[in-house]
Amino acid sequence: MELDELLRASRYAGQRERRLTEAIQASPDRQRPDGELMRQLAQARTLREGLGTRCIQLSDQLQQLEFDLRQQPAPAPQFATPGPPPLRPDIGALAGRVTTLHRSGALTEVADLLAQAAVRLTPGETTQLAGLLARRGPGETSRQLARGAAHTAPEHAVAVLAELREAGLADEAADLFHAFWGYPAAALPALLAALERAGQLADGATLLWEWGSAPTPELTVLAAGLQQAGRHDDVRTLLRQAAGRPTADLAALATDLPTPLPAVLLQELAALRPPVELVRLAASLDHHRGLYDLLLAALHADAARHRATLAALRAAGLPTEPAAPARSRWGRR
């Protein structure tokens, strides 16, 4: 079918355009990019735009034909208000409705319509609508639609992200992914699981990297949620990202984390922080003897590697051996 062939060609041209753009951005001299790369980029962009225009024309014709066939038994319904779009909408008509509302200044109605569309459309339909709005619609409506998909179920949102990228809608995909950063800590384990099932491991790692700098209470909730969900590798990655925080923050985090996560955090710190910072951390934990002993356990697990840290603890007058277990007041009989 001509449309299928055009869509494949358009996707290929979009992928080539992205690869050339990345090559130019990665060039050591970005101020004077390679002339041949720029020529190839211009060709790929022109081809992609031409194919996209033809795809839209054929798609609109097919959608109009299907719409006419569905509406033959009854008069065609009119969009009287920006209510929820039907489950199988005519995407072209919906894009036109968004444009009409936007031109009339009804921005609240536009926002409502896009939010409803993000929830009700399939990932493929959302991407098709975003593509129409990106090419012919007003302002930021295509990116607004993409951001709205972040408020759907994680599996659906991740599927939309994959479809947007596949269609070459890089700005819309970036906006959707950035919206994931606003997920509450309690919802993030499900999103990470959805990204993992979709093979988007790099996206999950990026989210954990961002969360490594979250405020201590939110970080604690997320770490506990990941632990409860059985995502132990994610817990370790998250706490490794948090290991660069100031000593006072790390002491508070170790105090707030539920068992056994303080041990995981302190193991990461022992592996990553230099002796002078570990001594500073030990001093801040000296009044939490249980946590202090967990730090010592992490150091003694590789005593040869941490010889300098243990010597610095002794020089600072801090214990280098775990506290002896409390004995019964009655002793041995």
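# Briefing on an all-helix predicted chain

Leu-113 has its place in helix 4, which spans residues 107–120. The structure is a predicted model, and its secondary structure comes to 17 helices and zero strands. Of the 333 residues in the chain, 39% count as buried, and Leu-113 is one of the buried residues, with a relative accessible area of 2%. Among contacts in the chain with a separation of 6 or more, 65% are accounted for by residues 24 or more positions apart.

**Confidence in the model**

- The mean pLDDT of the chain is 82, and 77% of the residues reach a value of 70 or more.
- Over residues 74–88 the pLDDT is below 50, although this stretch still has 25 contacts in the model beyond near neighbours in sequence.

**Helix 3 and helix 4**

- Leu-113 of helix 4 is separated from Leu-101 by 12 residues in sequence, and the two C-alpha atoms are 9.6 Å apart in space.
- Helix 3, which covers residues 91–103, contains Thr-99, and Ala-95 is found in helix 3 as well.
- Thr-99 counts as buried because its relative accessibility is 12%, which falls under the 20% limit for that class.
- Once neighbours within four places in sequence are left aside, Thr-99 is in contact with Gly-137 and Pro-138.
- Ala-95 is likewise buried, with a relative accessible area of 9%, and, with neighbours within four places in sequence left aside, Ala-95 is in contact with Leu-129, Leu-132 and Leu-133.
- Ala-95 and Arg-136 stand 41 residues apart in sequence, while their C-alpha atoms are 8.7 Å apart in space.

**Helix 6 and helix 8**

- Ser-142 is placed in helix 6, which runs over residues 141–148, and this serine is buried, with a relative accessible area of 4%.
- Not counting residues up to four places away in sequence, Ser-142 touches Ala-130, Leu-133, Ala-134 and Glu-172; of these, Leu-133 is also a contact of Ala-95 in helix 3.
- Glu-172, which Ser-142 touches, falls within the residue range 170–180 of helix 8, and that helix also holds Asp-175.
- Asp-175 is buried, since its relative accessible area is 11% and the limit for counting as buried is under 20%.
- Leaving aside neighbours within four places in sequence, Asp-175 is in contact with two arginines, Arg-143 and Arg-147, whose positions lie within the range given for helix 6.
- Asp-175 and Leu-145 are 30 residues apart in sequence, and the distance between them in space is 9.6 Å, taken from C-alpha to C-alpha.

**The loop between helix 13 and helix 14**

- A cis peptide bond joins Thr-259 and Pro-260, with an omega of about 5°.
- Pro-260 has its place in the loop between helix 13, residues 247–256, and helix 14.

**Packing of helix 13 with helix 14**

- Helix 13 and helix 14 pack at an angle of about 150°, and their axes are 8 Å apart.
- Helix 13 is therefore roughly antiparallel to helix 14, because angles over 145 degrees are classed in that way.
- In passing helix 14, helix 13 makes a left-handed crossing.
- Leu-250, Leu-253 and Ala-254 of helix 13 make the contact, together with Pro-262, Leu-265 and Leu-269 of helix 14.
- The residues of this contact between helix 13 and helix 14 divide into six nonpolar, no polar and no charged.

**Packing of helix 14 with helix 16**

- The axes of helix 14, residues 261–272, and helix 16, residues 289–300, come within 9 Å and cross at roughly 45°.
- Helix 14 and helix 16 are therefore oblique to each other, and helix 14 passes helix 16 in a right-handed crossing.
- On the side of helix 14 the contact is made by Pro-262, Ala-263, Leu-266, Gln-267 and Ala-270, while helix 16 contributes Leu-291, Leu-294, Leu-295, Ala-298 and Leu-299.
- The residues of the contact of helix 14 with helix 16 divide into nine nonpolar, one polar and no charged.
- Pro-262 of helix 14 appears in the contact with helix 13 and also in the contact with helix 16.

Note on methods. Residues are numbered from 1 along each chain as its sequence is written. This is a predicted model: local features need pLDDT of at least 70, side-chain atom pairs count only at pLDDT 80 or more; totals for chains, interfaces and linings use all residues. Side-chain values use heavy atoms; hydrogens and water are left out. Axes are lines fitted to C-alpha atoms, for helices over the stretch in contact, and angles run from 0 to 180 degrees between N-to-C directions. Helices (H or I, at least four residues) and strands (E, at least two) are DSSP runs, numbered from the N terminus. Angles under 35 degrees count as roughly parallel, over 145 as roughly antiparallel, 65 to 115 as roughly perpendicular and the rest as oblique. A crossing is left-handed if the near helix is turned anticlockwise from the far one by less than a right angle, and right-handed if clockwise. Contact means heavy atoms within 4.5 Å. Ala, Val, Leu, Ile, Met, Phe, Trp, Tyr, Cys and Pro count as nonpolar, Asp, Glu, Lys and Arg as charged, and the others, Gly among them, as polar. pLDDT is the predictor's confidence in each residue, from 0 to 100. Buried means under 20% relative accessible area, exposed over 50%, partly exposed in between (1.4 Å probe, protein chains only).
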